[in-house]
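Biologist: Please take a close look at a single part of this protein and explain how its pieces are arranged. Start with whatever term I need in order to follow you.

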Amino acid sequence: MTDQRQEAVPVVPVDVDAHNSNSAASDTRINQAGGLQIQGLVKQYPHSDHPVLNGISLDVPAGKVMVILGPSGSGKSTLLRTVAGLESMQGGQILMDGKPLDRHDVGMVFQSYDLFPNKTVLGNIIMAPMLVHKRSKEDATAEAMRLLERVGLADRKDAWPHELSGGQRQRVAICRALIMHPRIMLFDEVTAALDPEMVREVLDVIVELADQGLTMMIVTHEMAFARAVADRIVLLDGGKLVEQSDDAEAFFTHPQTERARQFLHTFAFERGHHAQNLDDQA
């Protein structure tokens, strides 16, 4: 089905206390208390000779966006999955505001959407708050509709996942995560499976969330997007932290390590230089 293009509309995540069943019309501020601290994180699979993550230490201040870059196999997705509690740790700790991170404080969106095919758009969004937070169907539905309205999909509430485009499914997945009122959102290559024309509509939603002050960790290969949205840039390679910067523009224009320069060079392409190389090989 052809996706209708929407103007970017500010996405208003829900206040952490909004799940009180008596406050269906409660305001929609973001919980900005504290921040995420990762200290000496080690992840190693059984029978593996080397750790996937080797002593990673990072801070994600509340209300800030950390973008994680790196080549395939560098440990980016594993880092997000470990923060989300989907992978065990073999060393280190993950804290939120100085206390062990509660996995219920984490929302995650994957590149594969992971919507339930036997539930409608609305059904996908309201299931978790009803089961986990014991919210009434009426209350969960009211908030779900507000979120769908914000991402331009209110008219698709009764659609089935297979009736949606990839970009629409990702926006539904974002709504499904936001309705749980996470303190931090994790995005793992959420545009990797999308057609190019659908990438922008998903990235626009994430940019609006950043503008609203939602704490986020984002793994992406969309360099222009990373440059625009990041408050902090991190480069991983071989499970280790190679470089990090609180100035995204400086990272992209003046990287401090040779590995970062090599990595960023893979995204630059000069036709004349390429043509010369082909002539040399002839």
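Modeller: A residue is called buried when its relative accessible area is under 20%. The model is predicted, and in it buried residues make up 49% of the 282 residues in the protein. The secondary structure comes to nine helices and ten strands. Contacts between residues at least 6 apart in sequence can be sorted by how far apart the partners are, and 68% of these contacts join residues at least 24 apart.

The part I will look at closely is an open sheet and the helix that lies across it. Four strands form this sheet, in the order β2-β1-β4-β5, and their pairing is antiparallel. Strands of a sheet pair through backbone hydrogen bonds, which can be parallel or antiparallel in sense. Here β2 (53-60) and β5 (99-100) stand at the edges, where each has a single partner strand, so one side of each is left without a neighbour in the sheet. Inside that order, strand β1 (residues 36-43) pairs with strand β4 (residues 91-96) in the antiparallel sense, over five bridges. To place this pairing on the screen, find Q37, which stands opposite L95 in β4.

Now add the helix. Helix α1 (residues 76-83) lies across β1, β2 and β4, and runs at about 115 degrees to β1. How many of the eight residues of α1 are buried? Six of them are, which makes α1 mostly covered. The buried residues of α1 are K76, T78, L79, L80, T82 and V83. An α-helix has 3.6 residues a turn, so residues three or four places apart point the same way. After α1 comes G85, whose phi is positive, near 85 degrees.

For comparison, here is a pair of helices elsewhere in the chain. Two packed helices are described by the angle between their axes and the distance between the axes. For helix α2 (residues 121-132) and helix α4 (residues 166-178), the axes come within 8 Å and cross at roughly 25 degrees. Angles under 35 degrees count as roughly parallel, and α2 and α4 are therefore roughly parallel to each other. The crossing of α2 past α4 is right-handed. On the α2 side the contact is made by V121, N124 and I125, and on the α4 side by V172, C175 and R176. By type, the residues of this contact divide into four nonpolar, one polar and one charged.

How values were computed: Residues numbered from 1 in each chain as written. Predicted model: local features only at pLDDT ≥ 70, side-chain atom pairs only at ≥ 80, totals over all residues. Heavy atoms only, no water. Axes fitted to C-alpha atoms, helices over the stretch in contact; angles between N-to-C directions. Helix = DSSP H or I, 4+ residues; strand = E, 2+ residues; numbered from the N terminus. Parallel < 35°, antiparallel > 145°, perpendicular 65-115°, else oblique. Left-handed = near helix turned anticlockwise from the far one by under 90°. Contact = heavy atoms within 4.5 Å. Nonpolar A, V, L, I, M, F, W, Y, C, P; charged D, E, K, R; others polar. Pairing = 2+ DSSP bridges. Buried < 20%, exposed > 50% of the residue type's maximum accessible area, 1.4 Å probe, protein only.
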